[in-house]
Amino acid sequence: MLTIGCHLSIAQGYTALGQTALSLGANTCAFFTRNPRGGKARALDEADMAGLADLMAKSGFGVLVAHAPYTYNPCSAKERARDFALTAMREDLERLEALPGQLYNFHPGCHVGQGAQRGIELIADTLCQVMWPEMRTQVLLETMAGKGTEVGGRFEELAAVIARVGDKRPELADRLGVCLDTCHVHDGGYDIVHDLDGVLDEFDRVVGLTRLRAVHLNDSKNPCGARKDRHEVIGAGYLGNEELGGGMDVFARIVTHPALRDLPFVLETPNELPGYAREIAMLRELASRGASSN
Ligand code: FE
Ligand code: FE
Ligand code: ZN
């Protein structure tokens, strides 16, 4: 069974988050660990988190994919911004231990003119300080569109961060992975519309498919290589729309690909809840058709 869900608000708490996910036909979901503008995290309510853990166990949920706010920039040129990212990430990860065994993905950051190499060093050094060997959460670097000075638009950059963490703190190596965002890789120039196999082969060569732990499933408002990062609803953009050179078979191949089909898929499409419910149902249908024809 496909593990699929969407990004949801945590405003009503963790148990409510799980109930909303269930009502949409989801068996995973994503949520911001705190206000996306980076404010204080909500008070930790253990009973609320236990309620979610219970719901997940009873309903056969896969792992959840917590998302760090976009405002963290662990490779900023400003020490204050780097310190904020470090403190907030460490706090997020400590809190996630109350819900053991989940995923935490973050945007590697923008090097803001310092160069990708310096960015990679700063990101890796931050990870070495916020992670610890006994942690039960896996930390995922997200593939980025390569907009502006974003680090992570190339698989090589993600591999370099992982390698540097591995050199400095080998005991952390297996806690670190990658979340592949379909809009971002497409915008970054990886042609998953025409050559999903080729892109995944390249990922395997550069990073290693064993590092791939989650997929953000989004269509894109822009053509391959545009480096824009504007998500579109499934089927309306350059990945899923035939008039734009794509097609729903692109999404069918993604959700049934042997390297991807067992990972959690998270929609981050511009939708309200009913739209997410429709997309989840549609993708489950594509996955089950693909599975029966294999
Ligand atoms: Fe993201
Ligand atoms: Fe994403
Ligand atoms: Zn995005």
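How many nonpolar, polar and charged residues does the lining of the largest pocket have, by class? It has four nonpolar, seven polar and five charged residues. Keep in mind, as we look around, that this is a predicted model.

**The pocket and the cavity**

The largest pocket holds about 290 Å³ of space. Its lining is made of 16 residues, and those closest to its centre are Tyr 70, His 107, Met 144, Lys 147 and Glu 150.

What about enclosed space? Searching the whole structure turns up one cavity of 30 Å³ or more, and the volume of the largest cavity is about 40 Å³. Around this cavity you will find Tyr 14, Phe 31, Thr 33, Asp 92, Arg 95 and Leu 96. Helix 3, which spans residues 79-96, gives the most to this lining, with three residues. Sorted by class, the cavity lining has three nonpolar, one polar and two charged residues.

**The iron site**

Now turn to the iron ion (ligand 2). Its protein donors are Glu 142 (OE), Asp 181 (OD), His 216 (ND1) and Glu 268 (OE), at 2.0 to 2.2 Å from the metal. Along the chain, these donors follow the spacing E-x38-D-x34-H-x51-E. The angles among the four donor atoms run from 86 to 177 degrees, and the site is irregular.

This ion has a partner: the iron ion (ligand 1) is 3.1 Å from the iron ion (ligand 2), and Glu 142 coordinates both. Distant parts of the chain are linked here, as Glu 142 sits in strand 5 (residues 138-142) and Asp 181 in strand 6 (residues 176-181), 39 residues apart.

Are Glu 142 and Asp 181 buried or exposed? Glu 142 counts as buried because its relative accessibility is 1%, and Asp 181 counts as buried because its value is 0%.

**The cysteines**

How many disulfides are there? The count comes to zero. Cys 110 is in no disulfide, and the nearest cysteine sulfur to its own belongs to Cys 75, 6.7 Å away. For Cys 183, the closest cysteine sulfur is in Cys 224 at 11 Å, so the two are too far apart for a bond. A disulfide needs the two sulfur atoms to be within 2.5 Å.

The table sets Cys 110 and Cys 183 side by side.

| Cysteine | Nearest cysteine sulfur | Relative accessible area |
|---|---|---|
| Cys 110 | Cys 75, 6.7 Å | 28%, partly exposed |
| Cys 183 | Cys 224, 11 Å | 0%, buried |

Definitions and conventions. Residues numbered from 1 in each chain as written. Chains lettered and ligands numbered in written order. Predicted model: local features only at pLDDT ≥ 70, side-chain atom pairs only at ≥ 80, totals over all residues. Heavy atoms only, no water. 1 Å grid on protein atoms, 1.4 Å probe; cavity = no way out; pocket = protein on both sides within 12 Å on 5 of 7 lines; lining within 4 Å. Points joined across faces, edges and corners; volume = space filled by probe spheres on them. Helix = DSSP H or I, 4+ residues; strand = E, 2+ residues; numbered from the N terminus. Nonpolar A, V, L, I, M, F, W, Y, C, P; charged D, E, K, R; others polar. Donors = N, O, S within 2.8 Å, 3.2 Å for Na, K, Ca; no water. Tetrahedral: all angles 85-135°; square planar, octahedral: opposite > 155°, others 65-115°. Buried < 20%, exposed > 50% of the residue type's maximum accessible area, 1.4 Å probe, protein only.
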